[in-house]
Amino acid sequence: MSLREHALSLFRCAVGTVQPAPMLKRAVKLQGDGCPQLLVKGQAFPVKRDLYLVGFGKAVLGMAAAAEEILGDHLVRGIINVPLGIQESLQRAGMQEMLLKPHSKIQVIEGAKNNLPDPEALKGAVAIQELAEGLTADDLLLVLISGGGSALLPAPIPPICLEEKEKLTKMLASRGAAIQELNIVRKTLSLLKGGGLAQLAYPAQVVSLILSDVIGDPLDIIASGPTAASSHSVQDCLQILTKYNLLHSLPQSVETVLSSSPSKPTAPKDYSHVCNIIIGSNTLALDEAKRQAEGLGYATLILSTAISGEVGHVARLYCQLIQLACLGCAGLGEGPLGDEVRGNLLQLAAELEIPCLNLPEFLQSLRGLEPERPICILAGGETTVQLQGTGKGGRNQELALRVGLGLHRAQVSGALRRCDIVFLSGGTDGQDGPTEAAGAFCSPELVHEALQEGLDVEAALSNNDSYTFFSQFQGGHHLLVTGLTGTNVMDIQVILIRATARL
């Protein structure tokens, strides 16, 4: 197999391990008939009376199909909110295993067109709310949560209506509010977010199975934390509204809700009836890819599962890292060039402020690798692209193209000429921007070959037109096209480096 085939195999293996059916079946079992128990990652929850299921998110349809298979007749009823058109998309893609069987006990409500709350999503949220409110101490509520769940669970606190809440959110966004700030305001004005669903389900036992699409897997942020205690208060919401000068232009309904909420911290709410369990994440996906890469003979390191920041800065980080690994393969890692690249890397990492990235420790591990073994570096997270052009692309395709350009420029150092290199970046949901690609592959030769074909890499990047570039270059051979995967744990990058005899 070529490096490219290995990279594709590792990406597919990472995604496969967080697909709904295998993920649920690894984590959840139902044991016994007399007094059955739900076993989740070794924790036992007795099913005393009735077992109900609710869910919301982009990957929840497949999770619900797998859960219903495991729960069988013990499941009394379920309601899930999923993105508009997902059943048809999965049907078209031939992914029958992600669809509910005929005569399923689970009601499917599609909504949140373009990932925005809408009346259909509100209808589903109200149905979930009503189910939760009717539960007793002997009932068990299984909650399935994945990314995209926030838009699929809109339930403004009365008298706020959905349009007013959305208008306020848009006003904040237009004034430059960060996503974390938007989520704090959304949670404060919601019946179900910020632990609201768990509180409504009391005194029933609540067990949440969570597929994380957020860096660091924070329970109160994924889908706005409907079953997790919120780490924010009404005061935080008021501070944000003040910061963006919106406190005196609020709809009357929002003022009513905020003024009736306790301004001083209240006693923490009881969450002893709730158990939140992450069953799928970028970390789990990369761990499986690492195991597979080691089986293929690679010396494998995981850089981070929290790679974030502007795509151009992240591309520079990867280029410097690849250069350092190549210098190590060539026996030049300890010279002045190696020291210079290490210094560049430490500076870039400091600028990016990637959470939990211990770069000195990683570089020490890189130093300790046997020079004759091929190297695999794995990473995950989610970069951002500052749109400047009108082209077509996505953050993974742009990252791959920027890395390709950086490696082309670095080839003058000579160390890269002694190595075969493949870089892959892909979205685990199979989608990267408004394109059919999940991402792209690149190598140091890419830019040189593109120039020979008369393509201008720099022009494509300044127009955010990476997809058009890759489509035209060598017949789209460098695009990563997987189709919808039915899951989402952010993005994954695979770097493969193998020393050659070339000089």
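**Close-up views of a predicted model**

**View 1. Helices α12 and α15 cross in this predicted model, with axes that come within 9 Å and meet at roughly 45°.** An angle of this kind is neither roughly parallel, roughly antiparallel nor roughly perpendicular, and α12 and α15 are therefore described as oblique to each other. The crossing is right-handed. On the side of α12, the contact is made by Val-311, Gly-312, Val-314, Ala-315, Tyr-318, Cys-319, Ile-322 and Gln-323, while α15, which covers residues 395–410, contributes residues including Arg-395, Glu-398, Leu-399, Arg-402 and Val-403.

**View 2. Helix α12 (residues 311–329) also packs with helix α13 (residues 336–352), at an angle of about 155°.** The axes of this pair are 9 Å apart, and the angle makes α12 roughly antiparallel to α13, since angles over 145 degrees count as roughly antiparallel. Here α12 passes α13 in a left-handed crossing, whereas the crossing of α12 and α15 is right-handed. Among the α12 residues that make the contact are His-313, Arg-316, Leu-317, Leu-321 and Leu-324, and among those of α13 are Leu-337, Val-341, Leu-345, Leu-348 and Leu-352. Val-314 and Gln-323 of α12 appear in the contact with α13 and in the contact with α15.

**View 3. An open sheet is formed by 6 strands in the order β10-β11-β15-β12-β13-β14.** Strands of a sheet pair through backbone hydrogen bonds, either parallel or antiparallel. In this sheet the pairing is mixed. The edges are taken by β10 (299–310) and β14, each of which has a single partner strand, so one side of each is left without a neighbour in the sheet. Further in, β11 (residues 375–384) and β15 (residues 491–499) run antiparallel and are joined by 7 bridges, with Gly-380 standing opposite Ile-492 of β15. Helix α11 (residues 282–295) lies across β10, β11 and β15, and runs at about 150° to β10.

**View 4. Strand β13 (residues 439–442) is shown with its buried residues and its neighbours in the sheet.** Gly-439 and Phe-441 point one way from the strand, and Ala-440 and Cys-442 point the other way, yet all of these residues are buried. Towards β12 (residues 419–427), the two strands run antiparallel and are joined by 4 bridges, and Ser-425 has Ala-440 as its bridge partner in β13. Towards β14 (residues 479–480), the strands are again antiparallel, here with 2 bridges, and Gly-439 stands opposite Leu-480.

**View 5. Helix α5 (residues 119–133) has a length that can be checked by simple reasoning.** At 1.5 Å a residue, its 15 residues should span 21 Å, and because the C-alpha atoms at its ends are 21 Å apart, the expectation and the model agree. The buried residues of the helix include Ala-121, Gly-124, Ala-125, Ile-128 and Leu-131. The buried residues of α5 pack against four strands and a helix, namely β4 (51–56), β5 (75–83), β6 (106–111), β7 (140–145) and α8 (196–201).

**View 6. Leu-75 is found in strand β5 and is a buried residue.** Its relative accessible area is 0%, which is why Leu-75 counts as buried. Leaving aside neighbours within four places in sequence, Leu-75 is in contact with Leu-51, Tyr-52, Leu-53, Glu-68, Lys-105 and Ile-106. Ala-177, by comparison, is 102 residues from Leu-75 in sequence and 42 Å from Leu-75 in space, from C-alpha to C-alpha.

**View 7. Some loops of the model hold cis peptide bonds or residues with positive phi.** The peptide bond from Pro-158 to Pro-159 is cis, with omega near 5°, and Pro-159 has its place in the loop between β7 and α6 (162–174). A further cis peptide bond runs from Tyr-202 to Pro-203, with omega near 10°, and Pro-203 belongs to the loop between α8 and β8 (205–211). His-103, in the loop between α4 (86–92) and β6, has phi near 65°, a positive value in a residue other than glycine. With 82% relative accessibility, His-103 counts as exposed. Asn-114, in the loop between β6 and α5, has phi near 55°, and Asn-114 counts as exposed at 65% relative accessibility.

Key
Residues numbered from 1 in each chain as written. Predicted model: local features only at pLDDT ≥ 70, side-chain atom pairs only at ≥ 80, totals over all residues. Heavy atoms only, no water. Buried < 20%, exposed > 50% of the residue type's maximum accessible area, 1.4 Å probe, protein only. Pairing = 2+ DSSP bridges. Expected span 1.5 Å × (residues − 1). Contact = heavy atoms within 4.5 Å. Axes fitted to C-alpha atoms, helices over the stretch in contact; angles between N-to-C directions. Parallel < 35°, antiparallel > 145°, perpendicular 65-115°, else oblique. Left-handed = near helix turned anticlockwise from the far one by under 90°.
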